[in-house]
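Thank you for making time for this. I would like to walk through one model with you, beginning with a single pair of side chains and working outwards from there.

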Amino acid sequence: MLLPILTALVSSAAFGNAFTDTSPFFMFSTSELLATSPQLAAASTVQETITSQLSKCPSDTYVVVTQPGVHAEDYSDRYAAPHLRRKISGEDERIRSTMMVTDVLGGINAEAIIGLVEEKCGAALLRVDASTGSFTIGDDPKPRIINVDFPALPSASKEQRASKLKENDVFLSSILDLLPTSKYTVIYTTSPYAARKSVQHQEPEMYEMDSSFSSSQSHMGIKRDFGAHSKRADDNANVTLPNAPLFEKYQYFTPGIFMGLIVILPLFMILYLGISAVGSLQVSYAAFDREMGPQTAKKGQ
């Protein structure tokens with residue numbers, strides 16, 4: 001009984017550590033789409049599924065959402081994204097097909113999705129800046145793509161992240177309510193925040209230059225250069241290796257598992273010695289024979 005429980009704990013600890021750099025994916029549509037919802041999938045597999053379904057141009061409007069800096073745990077709170085939960089769960093009767101992948105390994109290319117719909121469906125692109133909170137949707141019957149880029153969630157408390165995610169959810173719901181057509185498809189892509197935590201962002205240190213060239217223009221050039229390097233470092237921090245072997249991408253043997261094995265081995269040795277000691281007990285066959293002494297003969301008479 002002890003061994004299966006310990007094995008399950010070790011396995012769950014390994015998988016929990018392995019999937020810290022994954023993020024969820026959601027897609028729902030008022031049209032019929034043939035898409036499955038696996039628990040775990042590579043980004044390339046999900047991208048192929050999206051491509052195969054959107055190549056048929058099933059809708060008039062395509063809303064491509066990007067939400068960086070999240071994890072599946074952020075959406076576990078039922079109040080974090082209530083409108084999205086209602087669409088995915090089937091509570092909205094207008095939604096005819098949904099797709100949800102809890103853990104996506106790698107990043108989904110939202111720009112490739114936009115380019116595909118533009119090429120296959122002849123849709124016009126409208127980019128919406130969610131940071132300003134304002135947008136305009138015309139009544140043009142031509143197919144369109146609405147690209148909504150949300151800022152990354154703050155790396156603060158769980159309550160603050162849930163509050164910001166709820167704001168983004170309300171903003172997306174208002175866009176869907178203002179669509180001039182009832183045929184739409186929403187592709188909701190995310191990226192994890194695990195890689196962002198490992199990078200310590202520091203303010204660039206400014207040095208005073210004892211030179212006649214230290215003008216305001218040169219200072220602005222230095223700031224732009226630091227910003228480019230910071231952005232490049234941030235991009236590199238979020239790069240995944242989809243083609244690398246699984247044991248090179250993830251760490252399965254953590255210090256916690258190692259300490260658990262050190263404790264388990266002596267316990268198994270003690271258990272083995274105990275069973276061996278009990279099994280080595282021997283009783284002579286003479287102990288089960290009847291006594292034939294004088295006292296026994298008198299009792300027989």
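**A salt bridge and its surroundings**

Let me begin with Arg-127, which forms a salt bridge with Glu-111, the closest N and O atoms being 3.2 Å apart; by salt bridge I mean a side-chain nitrogen of Lys or Arg within 4 Å of a carboxyl oxygen of Asp or Glu. This pair links distant parts of the chain, with Arg-127 in strand S5 (residues 124–129) and Glu-111 in helix H4 (residues 110–121), 16 residues apart. Helices (H or I, at least four residues) and strands (E, at least two) are DSSP runs, numbered from the N terminus.

Before going further, please keep in mind that this is a predicted model, in which local features need pLDDT of at least 70 and side-chain atom pairs count only at pLDDT 80 or more, while totals for chains, interfaces and linings use all residues. Residues are numbered from 1 along each chain as its sequence is written, and side-chain values use heavy atoms, with hydrogens and water left out.

Are the two partners buried or exposed? Arg-127 counts as partly exposed because its relative accessibility is 47%, and Glu-111, with a relative accessible area of 44%, is partly exposed as well. The cut-offs here are under 20% relative accessible area for buried, over 50% for exposed, and partly exposed in between, using a 1.4 Å probe and protein chains only.

A search of the whole structure finds 7 salt bridges, and some of them share partners, joining Arg-86, Lys-87, Asp-92 and Arg-94 into one network. Within that network, the side chains of Lys-87 and Asp-92 meet at 2.6 Å, N to O, while those of Asp-92 and Arg-94 meet at 3.1 Å, again N to O. Lys-87 and Asp-92 are both buried, and for Asp-92 the relative accessibility is 4%.

Lys-87 also brings us to a helix pair, since the axes of helix H3 (residues 82–89) and helix H5 (residues 158–177) come within 7 Å and cross at roughly 60°; the axes are lines fitted to C-alpha atoms, for helices over the stretch in contact, and angles run from 0 to 180 degrees between N-to-C directions. H3 and H5 are therefore oblique to each other, a word used for angles that are not under 35 degrees (roughly parallel), over 145 (roughly antiparallel) or 65 to 115 (roughly perpendicular). The contact, meaning heavy atoms within 4.5 Å, is made by Pro-82, His-83, Leu-84 and Lys-87 of H3 and by Lys-166, Asp-169, Val-170, Ser-173 and Leu-176 of H5.

Leu-176 appears once more among the residues touched by Val-63, which, not counting residues up to four places away in sequence, are Ile-146, Val-148, Leu-172, Leu-176, Thr-185, Val-186 and Ile-187. Val-63 is found in strand S3 (residues 61–67) and is buried, with a relative accessible area of 0%. To return to where we began, Val-63 and Arg-127 are 64 residues apart in sequence and 9.9 Å apart in space, C-alpha to C-alpha.

Finally, the overall picture: the protein has 10 helices and 7 strands, and of its 301 residues 33% count as buried. Among contacts between residues at least 6 apart in sequence, 77% join residues at least 24 apart.
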